[in-house]
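This report looks at how the parts of a protein–DNA model fit together. Please view the sequence and the structure first, and then read on.

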Protein chains: 2
Amino acid sequence: MFKKIKESRIYENIVDQVFEAILIGDLKPADKLPSENELVKIFGVSRVTVREAIRYLEQLGVLEVRQGSMGGAFVKEVDLGDIAAQMGNVLRMANVTFLHMAEARAVLEQMILGKLVHPDRTKEWVKKLLECVDRAEDHFRKKEHRERIRANFQFHGLIAELTGNPIVILMHKIIVDLSMVFFENVKPSTSMIMKTLEDHRHIAELLEQGKTQEAADICAEHIREVSGRIVDKSKTQSFLRSKIGREDPE
Amino acid sequence: MFKKIKESRIYENIVDQVFEAILIGDLKPADKLPSENELVKIFGVSRVTVREAIRYLEQLGVLEVRQGSMGGAFVKEVDLGDIAAQMGNVLRMANVTFLHMAEARAVLEQMILGKLVHPDRTKEWVKKLLECVDRAEDHFRKKEHRERIRANFQFHGLIAELTGNPIVILMHKIIVDLSMVFFENVKPSTSMIMKTLEDHRHIAELLEQGKTQEAADICAEHIREVSGRIVDKSKTQSFLRSKIGREDPE
DNA sequence: AATATGTATAATGTCTAACAATTGACATAT
DNA sequence: ATATGTCAATTGTTAGACATTATACATATT
């Protein structure tokens with residue numbers, strides 16, 4: 001008969017108003033909100049409350065707060081990287097294992113290469129892909145472990161960008177950012193590194209020849225194989241333990 | 001030569017500590033943090049700062065704050081739904097169109113059905129899938145628009161759950177939650193509704209018969225078709241405008 | 001003239017102390 | 001037994017002050 005009264009804190013009201021102003025377009029990226037003291041007058045609430053709303057929106061990634069004389073709260077262009085980082089933080093606590101991520105990535109990239117690639121846009125990307133491989137190989141020779149991994153993941157990131165679909169790109173980025181931590185903490189064998197370079201080149205070539213389906217299959221297989229070896233090496237059960245690496249277990 | 005000093009606000013320090021305590025397991029879901037006043041003593045900062053940290057973690061979805069005598073800040077089980085909702089809010093501002101979502105979902109479900117289904121686990125799910133269709137049909141007869149849509153989307157949600165992979169489930173949920181808004185604001189034709197019920201039954205049957213590839217193809221086609229018609233009906237260019245439905249465009 | 005260096009200013013960051021609102025537990029009255 | 005009232009604990013909100021930071025501008029130095 002009666003509806004439960006929705007609990008609401010004052011700052012949520014402010015958040016909604018600002019959020020909507022941004023959605024509607026009254027506030028655009030780089031615009032500056034009134035100063036906290038002005039907002040206090042505008043909304044008729046205390047500064048603490050105003051600040052809670054600003055914090056919330058900052059955390060959400062839609063505001064950026066700068067201190068100082070020309071500072072204030074500025075509307076920020078939504079950055080997929082920020083979102084991905086934030087998501088990653090939370091996902092660490094949600095029973096997500098490395099294998100889940102590997103499998104999800106395999107599926108994503110397979111579907112991208114197999115289904116979402118526009119043939120006419122392919123060729124311009126092949127060059128970029130091969131550049132990544134060259135860069136990775138260079139880092140390998142210079143024994144720059146971290147940089148090599150980044151180049152290799154950039155290769156996979158390019159595959160996601162091939163779709164031009166922001167949702168796909170974001171999902172992929174979330175997974176990659178989380179996965180990368182593992183790779184950075186494992187010393188792979190030389191043969192494994194070589195195989196990766198080889199696979200990547202192979203995928204790029206197949207794309208160039210328009211053999212998208214074949215490229216998709218090899219890509220998925222490649223991800224599963226490399227990830228499997230990583231798991232063997234790190235004997236990681238959960239993302240949690242490897243991430244924290246607690247020295248003193250009681 | 002020198003590293004840029006990482007700006008840090010005091011509350012971020014507290015957030016990190018609490019976050020790590022949760023990751024390590026010192027704090028488990030349903031555990032209660034000390035009261036704000038105690039935290040003030042523990043961290044040696046003001047209550048305002050403590051509260052900022054709590055807000056942040058609450059917004060992130062890892063804490064739940066209750067007022068009152070037995071209240072306080074409690075560690076929350078991470079809920080994929082919360083994460084999806086949060087992501088959805090931000091994605092609204094990132095040039096995401098309905099067609100992006102439709103395409104991502106089509107390909108995602110196609111991949112799931114085609115590649116990720118464990119044959120031995122299929123049969124237990126077919127029953128659930130058919131239940132969804134029955135429920136949708138029932139709502140259709142009772143002309144419960146909203147409920148019918150929810151049942152239909154639950155059908156697709158089950159497909160994602162078929163993977164048992166939390167990342168895949170999450171990605172799918174984000175897309176579905178965002179997409180649903182559109183469907184709820186469009187009055188579909190009867191034939192369209194019937195076709196959907198029919199398609200869903202067909203997909204379930206094919207799964208039961210182990211024809212996963214066929215089910216995958218039909219599912220993808222189904223999503224594209226329905227989404228295409230939605231777009232025609234709503235003439236929606238961007239998610240933004242349809243969501244806000246501004247009456248007064250300058 | 002170009003380059004440091006200081007200074008004022010405006011904004012956010014933090015602190016303190018109080019009061020308001022909410023919730024649950026317990027006592028009390030009916 | 002069932003309401004009802006009261007108390008205590010906790011978060012929500014307010015007010016005002018001071019601390020810190022970043023920019024712009026004036027001033028001094030070379």
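## Surface near the DNA

At least two residues of the surface near DNA strand D come from each of three elements, namely α3 of chain A and, in chain B, α3 (47-60) and β1 (63-66). The model is a predicted one, and in it 23 residues surround DNA strand D, with A:R9, A:I10, A:T49, A:Q67 and B:R47 being the closest. Sorted by class, this surface holds five nonpolar, 11 polar and seven charged residues.

Among the atoms of DNA strand D within 4 Å of the protein, sugar or phosphate accounts for 65%, while the rest belong to bases. The side chain of A:Q67 places an N or O atom 2.8 Å from a sugar or linking oxygen of DNA strand D. Bases are approached from chain B: a polar side-chain atom of B:R47 is 2.8 Å from a base nitrogen of the strand, and a polar side-chain atom of B:Q67 is 3.4 Å from a base oxygen.

## Interface between the chains

Chain A and chain B each contribute 50 residues to their contact, and the area buried between them is about 4,900 Å², with carbon and sulfur atoms giving 73% of it. On the side of chain A, the residues that lose the most area to chain B are A:L23, A:M93 and A:I167, which together make up 14% of what that side buries.

Six salt bridges are counted between chain A and chain B; one of the salt bridges pairs A:E52 with B:R51, whose closest N and O atoms are 3.3 Å apart. Eight residue pairs are found in polar contact across this interface, with both residues at pLDDT 80 or more. The elements of chain A that give two or more residues to the side touching chain B are α1 (10-24), α3 (47-60), α4 (80-91), α5 (98-116), α8 (166-184) and α11 (239-244), and the largest share of that side, 10 residues, comes from α5(A). By class, the residues of the side of chain A that touches chain B comprise 32 nonpolar, eight polar and 10 charged.

## The setting of A:H172

Is A:H172, a residue of helix α8 of chain A, buried or exposed? A:H172 counts as buried because its relative accessible area is 3%, which is under the 20% cut-off. Leaving aside residues up to four places away in sequence, A:H172 touches A:R105, A:L108, A:E109, A:H156, A:G157 and A:A160. With A:E109, the side chain of A:H172 makes a side-chain to side-chain polar contact at 2.7 Å.

Notes: Residues are numbered from 1 along each chain as its sequence is written. Chains are lettered from A and ligands numbered from 1 in the order in which they are written. This is a predicted model: local features need pLDDT of at least 70, side-chain atom pairs count only at pLDDT 80 or more; totals for chains, interfaces and linings use all residues. Side-chain values use heavy atoms; hydrogens and water are left out. Contact means heavy atoms within 4.5 Å. Buried area is the accessible area (1.4 Å probe) that two parts lose on being put together, summed over both. A salt bridge is a side-chain nitrogen of Lys or Arg within 4 Å of a carboxyl oxygen of Asp or Glu. A polar contact is a pair of N or O atoms within 3.5 Å; within protein, one must be able to donate a hydrogen and the other to accept it, and residues adjacent in sequence count only if both atoms are side-chain atoms. Helices (H or I, at least four residues) and strands (E, at least two) are DSSP runs, numbered from the N terminus. Ala, Val, Leu, Ile, Met, Phe, Trp, Tyr, Cys and Pro count as nonpolar, Asp, Glu, Lys and Arg as charged, and the others, Gly among them, as polar. Buried means under 20% relative accessible area, exposed over 50%, partly exposed in between (1.4 Å probe, protein chains only). A residue is near a molecule or strand if one of its heavy atoms lies within 4 Å of it.
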